[in-house]
Amino acid sequence: MYYSIENEYLTAQIDDMGAQLHSMVSKDDGFEYIWQGNPDIWYGQAPVLFPTIGQLYKDKFLYDGREYPLAKHGFARKMAFEAIDVDGARAVFILRSSEETLKMFPFTFEFEVCFELVGRALKVTHTVKNTDNKTMYFCCGAHPGFNCKIGDYLEFEESEEGAQVEKIDKENIIIGTKFAVELEEGKKLRLTADLFNDDALIFSDLNSSVVTLKSEAQGKTVRFDFGDAPFLGIWAKPNAPYVCIEPWYGVNDDRIRYDDISEKRGIQSLEPEETFDLVWIAEV
């Protein structure tokens, strides 16, 4: 089911399946900023990633001596959230642990996603709460896709950003070495037809906390604030008319089998009753 919010400048729709952003439209000219999920190219739009990001090695992890199966990007994106507060320019959705989730992830939790229109911006807050009596280990990320054209570019806020990225192989396992990527003027990533032939570009250790999608042909911009996220994925299908800007607290596995999920690179932890927030803001 889709839920709608709006303010003076924007309308947005959210699907309760996965708490996925479905639409963000400018009231000025009716322009749709969110990729509409063409199944012939990429069926997704803005999946929420929890409690893992990317692929685990052999789709499994170990915790306290036991093995758990967990699919790529976790289970939240394929589960129905409960709409607990939808009013005006704000909508809040929640997913709680269950017998089903405990088979894949041995922790009890509450995972809340709040969408709020503020002026010409959409603010999305992902809040994880540990309702268990032990330390919880998890990853959390966002994956919104924005309409654009080949030839548009992403511009980092800070100049002379590092032009090194990590990539993943055909089994969605991170390769573990860094590759050069060309940034025009030290901060502009041009969206070419073949930029994503080898899948996503994964940035880390960025100086910037903001990247702006700029379309000279359409005269549109999306200023994307990803805060303190330690990883930023940039991805699309090759030659596709969208780009995903993905703040991640976590990253794909490499080919090392860890004895416990607590040892995984990029893993987050929460003590009982503690909360964690991931916030991103897209201003148009």
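This is a guided tour of one protein chain, moving from the whole model to single residues.

**The whole chain**

Begin with everything displayed, and keep in mind that this is a predicted model. Colour the chain by secondary structure, and you should find 1 helix and 24 strands. Turned along its principal axes, the set of C-alpha atoms fills a box of roughly 55 × 45 × 35 Å. The radius of gyration is 18 Å, which agrees with the value near 19 Å that a compact globule of 284 residues would have. If you then show contacts between residues at least 6 apart in sequence, 64% of them join residues at least 24 apart.

Switch next to a surface view, where the chain exposes about 12,400 Å², with carbon and sulfur atoms supplying 44% of that area. Of the 284 residues, 55% count as buried. Selecting the charged side chains gives 29 positive and 50 negative charges, and the mean positions of these two groups lie 4 Å apart.

**The nonpolar core**

Hide the surface and turn to the interior. In soluble globular proteins, nonpolar side chains tend to be buried together. Here the largest nonpolar core has 92 residues, of which Phe-111, Phe-146 and Trp-280 touch the most other members. Strand S22, residues 242-249, provides the largest share of this core, with 6 residues.

Select Phe-111 and display its surroundings, leaving out residues up to four places away in sequence. Among the residues that Phe-111 touches are Val-48, Phe-50, Ala-76, Phe-81 and Phe-93, and also His-126, Thr-127, Val-128 and Cys-140.

**The helix**

Now select helix H1, residues 99-102, and centre the view on Thr-101, which is found within it. Is Thr-101 buried or exposed? Its relative accessibility is 0%, so Thr-101 counts as buried. Apart from neighbours within four places in sequence, Thr-101 is in contact with Phe-75, Met-79 and Phe-109. For a sense of distance, select Thr-212 as well: this residue is 111 residues from Thr-101 along the chain, and their C-alpha atoms are separated by 36 Å.

Move on to Leu-102, which is also found in helix H1. Leu-102 has a relative accessible area of 35% and is therefore partly exposed, whereas Thr-101 is buried. With neighbours within four places in sequence again set aside, Leu-102 is in contact with Tyr-68, Phe-107 and Thr-108. Gln-13 lies 89 residues from Leu-102 in sequence, and the two are 30 Å apart from C-alpha to C-alpha.

**Backbone details in three loops**

Finally, display the backbone atoms. Select Phe-50 and Pro-51, where the peptide bond between the two is cis, with omega near 5°. Pro-51 has its place in the loop between strand S4 (48-49) and strand S5 (60-63), and Phe-50 is one of the residues touched by Phe-111.

Go next to Ala-19, in the loop between strand S2 (10-15) and strand S3 (20-26). Although Ala-19 is not a glycine, it has a positive phi of about 50°, and at 1% relative accessibility it counts as buried.

The last stop is Asp-64, in the loop between S5 and strand S6 (66-69). Asp-64 likewise is not a glycine, yet has a positive phi of about 55°. How does its surface exposure fall, buried or exposed? With a relative accessible area of 65%, Asp-64 is exposed.

How values were computed:
Residues are numbered from 1 along each chain as its sequence is written. This is a predicted model: local features need pLDDT of at least 70, side-chain atom pairs count only at pLDDT 80 or more; totals for chains, interfaces and linings use all residues. Side-chain values use heavy atoms; hydrogens and water are left out. Helices (H or I, at least four residues) and strands (E, at least two) are DSSP runs, numbered from the N terminus. The radius of gyration is taken over C-alpha atoms; the globule rule is 2.2 Å times the number of residues to the power 0.38. Buried means under 20% relative accessible area, exposed over 50%, partly exposed in between (1.4 Å probe, protein chains only). Contact means heavy atoms within 4.5 Å. Accessible areas come from the Shrake-Rupley method with a 1.4 Å probe; for residues, only the protein chains shown count as cover. Lys and Arg count as positive and Asp and Glu as negative; His and the chain ends are not counted. The place of a charge is taken as NZ of Lys, CZ of Arg, CG of Asp or CD of Glu. A nonpolar core is a set of buried Ala, Val, Leu, Ile, Met, Phe, Trp, Tyr and Cys residues joined through side-chain atoms within 4.5 Å.
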